[in-house]
Amino acid sequence: MACMKLGSKSDAFQRQGQAWFCTTGLPSDIVVEVGEMSFHLHKFPLLSRSGVMERLIAKASEEGEEGCSINLPDIPGGAKTFELVAKFCYGVKLELTASNVVYLQCAAEHLEMTEEYAEGNLIMQTEVFLNQIVLKNWKDSLKALQSCDDVLPHAEELHIPKRCIESLAAKACTDPNLFGWPVMEHGGPMQSPGGSVLWNGISTGARPKNSSSDWWYEDVSTLSLSLYKRLVSVMESRGIKQEIIAGSLTFYAKKYLPGLNRRQVASESSTRLEPVALGAPPSEEDQKLLLEEIDRLLPMQKGAISTKVLFGLLRTAMILRASLSCISNLERRIGMQLDQATLEDLLMPNFSYSMETLYNVECVQRILEHFLAMDQATGGASPCSIDDGQLMGSPSLTPITMVAKLIDGYLAEVAPDVNLKLPKFQSLAASIPDYARPLDDGLYRAIDIYLKSHPWLSESDREQLCRLMDCQKLSLEACTHAAQNERLPLRIIVQVLFFEQLQLRTSIAGCFLVSDNLEGSRQLRSGFAGSNEGGWATAVRENQVLKVGMDNMRLRVSELEKECSNMRQEIEKLGRVKGSSAWGNVSKKFGFKLKSQMCSAQEGSISQQNNGSGKLEKAKDGKHKKNSSKEE
């Protein structure tokens with residue numbers, strides 16, 4: 001830390017208890033009271049340097065008191081600063097540093113120690129040291145600004161905080177690699193003219209690491225909130241990047257809000273950005289005020305601050321009972337980048353007094369609404385403007401598809417909560433647009449868990465809940481599970497069976513098409529290269545694999561047809577009591593364009609497919625024999 005030496009005489013001050021004495025050989029003729037400390041001094045050195053002391057001594061002398069006594073209760077810096085002022089008046093050696101220059105300048109201004117009374121007086125000395133040395137150095141400027149807190153009203157009159165903040169902002173906004181600082185100030189290694197690191201004057205060839213843009217985060221975090229806010233505002237006015245400002249705010253918040261560090265993942269913590277541990281954390285009221293100020297300073301920009309930190313701030317705001325505007329702003333910021341969140345982030349406990357649910361589902365609902373509103377405002381894709389074939393691979397749908405998957409996972413986590421009401425579950429699940437879910441497997445899993453945890457739901461509530469998912473968007477695995485799920489309503493099971501058969505038929509038709517294509521390609525290959533035995537062997541293996549796949553699908557279709565037939569018989573038995581065709585009513589109710597002969601028709605189609613496949617196999621055997629005879 002830089003310093004400037006003043007005075008030339010040896011120290012002639014001695015302290016005895018709560019009193020200071022000047023041991024120059026002459027008896028003291030004045031006592032100056034500063035707080036609880038008494039200074040036994042001489043009149044002439046004081047009145048020759050200070051206009052205030054000159055007037056106070058003259059006034060005390062006119063009153064004709066035997067012992068001259070003066071009281072200075074309002075001197076900036078108190079007794080410690082006046083001790084240095086007294087030493088300066090006597091010409092005793094002292095050092096001006098970045099830690100005491102603000103106190104001394106404020107005290108000198110208060111005592112009117114101007115050039116009118118003595119050349120090279122204290123005001124001029126402190127002003128020169130502050131401008132020419134302190135404000136040109138990062139560490140010294142920071143020290144001087146920190147000392148302004150104790151004498152802030154006096155320092156504001158002299159514009160000292162403003163000058164220190166301007167100096168710090170200018171240095172923080174400048175690339176440190178251009179000038180070699182703050183590496184030199186932080187004790188960085190010596191460098192050769194070529195730029196390599198020197199060890200004992202010998203070039204090692206190693207290159208020093210470049211200073212990152214966050215080198216000043218830890219230093220400015222030592223400032224009080226009021227001065228830190230002013231520094232951030234000046235930096236923003238100078239055009240510093242919003243991401244850098246947000247990083248500094250995050251560091252400052254983590255240092256003084258202990259709740260932010262409880263859920264911090266060790267792999268994401270940086271040794272450079274790890275906050276310094278404090279002895280005693282601030283009070284809850286101070287933390288609440290700090291959090292609300294951090295929220296006001298944070299830039300409303302997507303990606304400026306990580307989603308995990310935003311969730312930590314939101315969780316802390318709920319614990320500290322921060323203002324509604326603060327909570328709403330944090331929810332809006334999270335909604336802007338919800339696609340970057342994880343399931344762990346969404347699982348926020350419910351801190352309300354009512355404790356209706358284990359997790360705060362209403363907060364997640366509001367965050368999701370902010371995301372959907374932003375997605376719509378930025379021109380998010382809609383199902384009307386995109387074909388089904390383009391739905392899966394559209395880059396513009398990636399964020400909302402990720403959010404849909406995230407919300408489905410969240411629903412599965414909160415579904416076991418017996419206190420979670422059906423309307424809340426339905427509202428959150430229905431908020432996701434249909435085109436955002438390529439598959440409804442995740443939603444089906446969440447609904448199944450909710451039905452398992454809420455067995456008392458009525459049949460109508462179960463059907464209403466199951467209408468949230470689209471049976472046509474279930475995978476074959478999900479359809480297989482749903483067809484055997486006793487918790488689902490009968491109507492939903494029949495729909496699942498119907499669409500599962502459609503999917504299997506489509507798959508079988510696709511396999512036949514592939515088989516025909518392979519047969520045609522084999523004929524072409526045999527025409528161009530009849531002696532290619534390796535290609536023929538490969539085609540045979542592919543054909544065998546396809547045959548095994550088709551046989552498995554046929555078995556599955558036959559099983560489903562048996563289940564469908566049994567279900568139809570049971571429904572017809574129930575319908576006979578009412579004197580009507582139950583299957584026809586059920587098919588109309590389900591909206592299927594299906595007749596009662598569906599299963600028999602399917603059996604016929606399967607038998608035809610079996611005959612067709614037999615003919616294909618015979619034809620293939622005949623061709624194989626002809627080719628073998630030619631080779632012989």
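Guide: Helices and strands are here runs taken from DSSP, numbered from the N terminus, and the model to which they are applied is a predicted one.

Visitor: How many helices and strands does the protein have?

Guide: The assignment gives 26 helices and nine strands for the protein. Among contacts between residues at least 6 apart in sequence, 70% join residues that are at least 24 apart.

Visitor: What share of the residues counts as buried?

Guide: Of the protein's 632 residues, 44% count as buried, while the accessible surface comes to about 33700 Å², with 54% of that area belonging to carbon and sulfur atoms.

Visitor: Which residues have the most contacts inside the largest nonpolar core?

Guide: That core has 157 residues, and those with the most contacts inside it are Val32, Leu41, Trp216, Leu313 and Leu338. Its largest share, nine residues, is contributed by helix α18, which covers residues 398-414.

Visitor: Turning to single residues, is serine 147 buried or exposed?

Guide: A residue is called buried when its relative accessible area is under 20%; serine 147 has 6% and is therefore buried. Serine 147 is found in helix α6, residues 138-147, and, leaving aside its neighbours within four places in sequence, it is in contact with Ala98, Ser99, Val102 and Tyr103.

Visitor: And cysteine 326, buried or exposed?

Guide: Cysteine 326 counts as buried because its relative accessibility is 1%, whereas cysteine 3, at 38%, counts as partly exposed.

Visitor: How many disulfides are there?

Guide: A disulfide requires a pair of cysteine sulfur atoms within 2.5 Å, and by this rule the count comes to zero.

Definitions and conventions. Residues are numbered from 1 along each chain as its sequence is written. This is a predicted model: local features need pLDDT of at least 70, side-chain atom pairs count only at pLDDT 80 or more; totals for chains, interfaces and linings use all residues. Side-chain values use heavy atoms; hydrogens and water are left out. Buried means under 20% relative accessible area, exposed over 50%, partly exposed in between (1.4 Å probe, protein chains only). A nonpolar core is a set of buried Ala, Val, Leu, Ile, Met, Phe, Trp, Tyr and Cys residues joined through side-chain atoms within 4.5 Å. Helices (H or I, at least four residues) and strands (E, at least two) are DSSP runs, numbered from the N terminus. Contact means heavy atoms within 4.5 Å. Accessible areas come from the Shrake-Rupley method with a 1.4 Å probe; for residues, only the protein chains shown count as cover.
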